[in-house]
Amino acid sequence: MSAKLYDEIPSLDLADFTSGNAEKKAAFVQTLGEAYHNIGFVAIKNHGLTDEMTSRLYDTIKKFFALSDETKQQYEIPELAGQRGYIGKGKEHAKGRKTGDLKEFYHIGQLVTDGDQIGSEYPDNIWPDELPEMEEIGMHVYKTLEATGIKMLQAIALYLGLDEHYFDNKAHNGNSILRPIHYFPIENPEEVPADAVRAAEHGDINLITLLMGASADGLQVLRRDNKWIPITALPDQIIVNVGDMLSRHTNNKLKSTIHRVVNPPKEQMKTSRFSIPFFMHPRSDMDLTVLENCIDSDNPKLYDDITAGEFLQQRLAEIGLKKN
Ligand SMILES: O=C(O)CCC(=O)C(=O)O
Ligand SMILES: [Fe+2]
């Protein structure tokens, strides 16, 4: 397939995939697959979130991050390797770096309600006493994005020549995480390490990421020709990108594209930026062994066999969230 150089990431309508029109569905699958092969990112509309849900979650997390550091730190549990609750300023760094990112965030994890045994693998969520509304809106957005992610994975499965429902049972009650992020204001830019950025360049760990809030400035993706291009999404779109687990499983046929959040100009460092990614993980026993149909003489097998759970533990240590 030809390598395309996009100036902006392709936009798609998820309703084309779900509406029941076979032609539109096939076109969605093809456009999505080509975009993921070439740049790893798309913007989609009709993702299932309403404006009301989006603004309620933003209002809530803005109130949370406005609490004092001391209050927020009550919800930080290092033993959970940052998998639930609050993660303080500068704690996470990109793989291969030491300087922490200029962000603080909160992790909301899976809630199993159908009696599935896997529920016992997951730590309970942590909810702040100060914001009783966070649990309801947080879980509502979590479950909505999870359902949207399953549909995106169905389209991806078709593009890969797999059964449409290949990922369904692997993603059902998966170890996904909703991560509201606050890129905090910096009054005096001289006081932070010279190489500190909001989010240093990285690939996401998981299968796919569904990102709310990319309409805010600063997010950039590294194109195949090594040029950084800004991500712009319309207010009614979310971004959906390929993570390292999916890239591995497909022998890089689908690209987990490197991206970053750059700092604003110095005089605007005093402003906050918020975003809310949903990192879609499968169940930890999913086998990420490279798919047979993604290996041929031009594309030799690039990765060792590993499960999703093992891959996650490795990466959490590499980004500073899990202490050995
Ligand atoms: O804040 C954003 O726009 C992107 C965040 C991101 O890439 C991440 O948390 O993995
Ligand atoms: Fe990311």
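## A buried loop residue

Start with Asn-173: it has 20 C-beta neighbours inside 10 Å, so it counts as buried. (A residue is buried if 20 or more other C-beta atoms lie within 10 Å of its own, exposed if 12 or fewer, and partly exposed in between, with C-beta atoms placed from the backbone.) Asn-173 sits in the loop between helix H6 (168–171) and E5. Its phi is near 55°, a positive value in a residue other than glycine.

Some housekeeping before we go on. This is a predicted model, in which local features need pLDDT of at least 70 and side-chain atom pairs count only at pLDDT 80 or more, while totals for chains, interfaces and linings use all residues. Residues are numbered from 1 along each chain as its sequence is written, and chains are lettered from A and ligands numbered from 1 in the order in which they are written. Helices (H or I, at least four residues) and strands (E, at least two) are DSSP runs, numbered from the N terminus.

## Another positive phi

Ala-81 also has a positive phi without being glycine, with a value near 50°. Look for Ala-81 in the loop between helix H4 (69–73) and strand E3 (85–87). Ala-81 has 17 other C-beta atoms within 10 Å, so it is rated partly exposed.

## Strand E13 and its partners

Now for strand E13, residues 273–280. Of its 8 residues, 7 are buried, so E13 is largely enclosed by the rest of the structure. Which way does E5 run against E13? Strand E5 (residues 177–178) is antiparallel to E13, and 2 bridges join them. (Strands pair if DSSP finds at least two bridges between them.) Within that pairing, Ile-177 faces Phe-279 of E13.

Strand E6 (residues 181–183) is also antiparallel to E13, this time with 3 bridges. Here Ile-181 has Ser-275 of E13 as its bridge partner. Then there's strand E8 (residues 208–212), joined to E13 in the antiparallel sense by 5 bridges. Two of the residue pairs to look for are Leu-211 opposite Pro-277 and Ile-208 opposite Met-280.

## Strand E8, covered on both faces

How many of the 5 residues of E8 are buried? The count is 5 of the 5, so E8 is largely enclosed by the rest of the structure. Ile-208, Leu-210 and Met-212 make up one side, Thr-209 and Leu-211 the other, and both faces are covered.

Besides E13, strand E8 pairs with strand E11 (residues 238–242), running antiparallel over 4 bridges. Ile-208 turns up again in this pairing, with Val-242 of E11 as its bridge partner.

## An open sheet

Elsewhere, 4 strands make an open, antiparallel sheet, ordered E7-E12-E9-E10. At the edges are strand E7 (199–202) and strand E10 (228–230), each pairing on one side only. From one strand to the next, the twist averages 20°.

Inside this sheet, strand E9 (residues 219–222) and E12 are antiparallel and share 3 bridges. One of the partnerships there is Leu-219 with Val-261 of E12.

## Around ligand 1

What surrounds ligand 1? There are 10 residues in its shell, the closest being Asp-204, Leu-219, Val-261, Ser-275 and Pro-277. (To be near a molecule or strand, a residue needs its C-beta atom, placed from the backbone, within 6 Å of it.) Strand E12 (259–261) and E13 each give at least two residues to this shell.

Several of these names have come up already. Leu-219 and Val-261 are bridge partners, Ser-275 is the partner of Ile-181, and Pro-277 stands opposite Leu-211. By class, the shell has 7 nonpolar, 2 polar and 1 charged residues. (Nonpolar covers Ala, Val, Leu, Ile, Met, Phe, Trp, Tyr, Cys and Pro; charged covers Asp, Glu, Lys and Arg; the others, Gly among them, are polar.)

## Helices H3 and H5

Helix H3 (residues 51–65) and helix H5 (residues 134–159) have axes that come within 10 Å and cross at roughly 130°. (Axes are lines fitted to C-alpha atoms, for helices over the stretch in contact, with angles from 0 to 180 degrees between N-to-C directions.) H3 and H5 are therefore oblique to each other. (Under 35 degrees is roughly parallel, over 145 roughly antiparallel, 65 to 115 roughly perpendicular, and the rest oblique.)

Thr-148 is one of the residues in helix H5. It has 23 C-beta neighbours inside 10 Å, so Thr-148 is buried. Thr-148 and Leu-49 are 99 residues apart in sequence, yet their C-alpha atoms are 9.2 Å apart in space.
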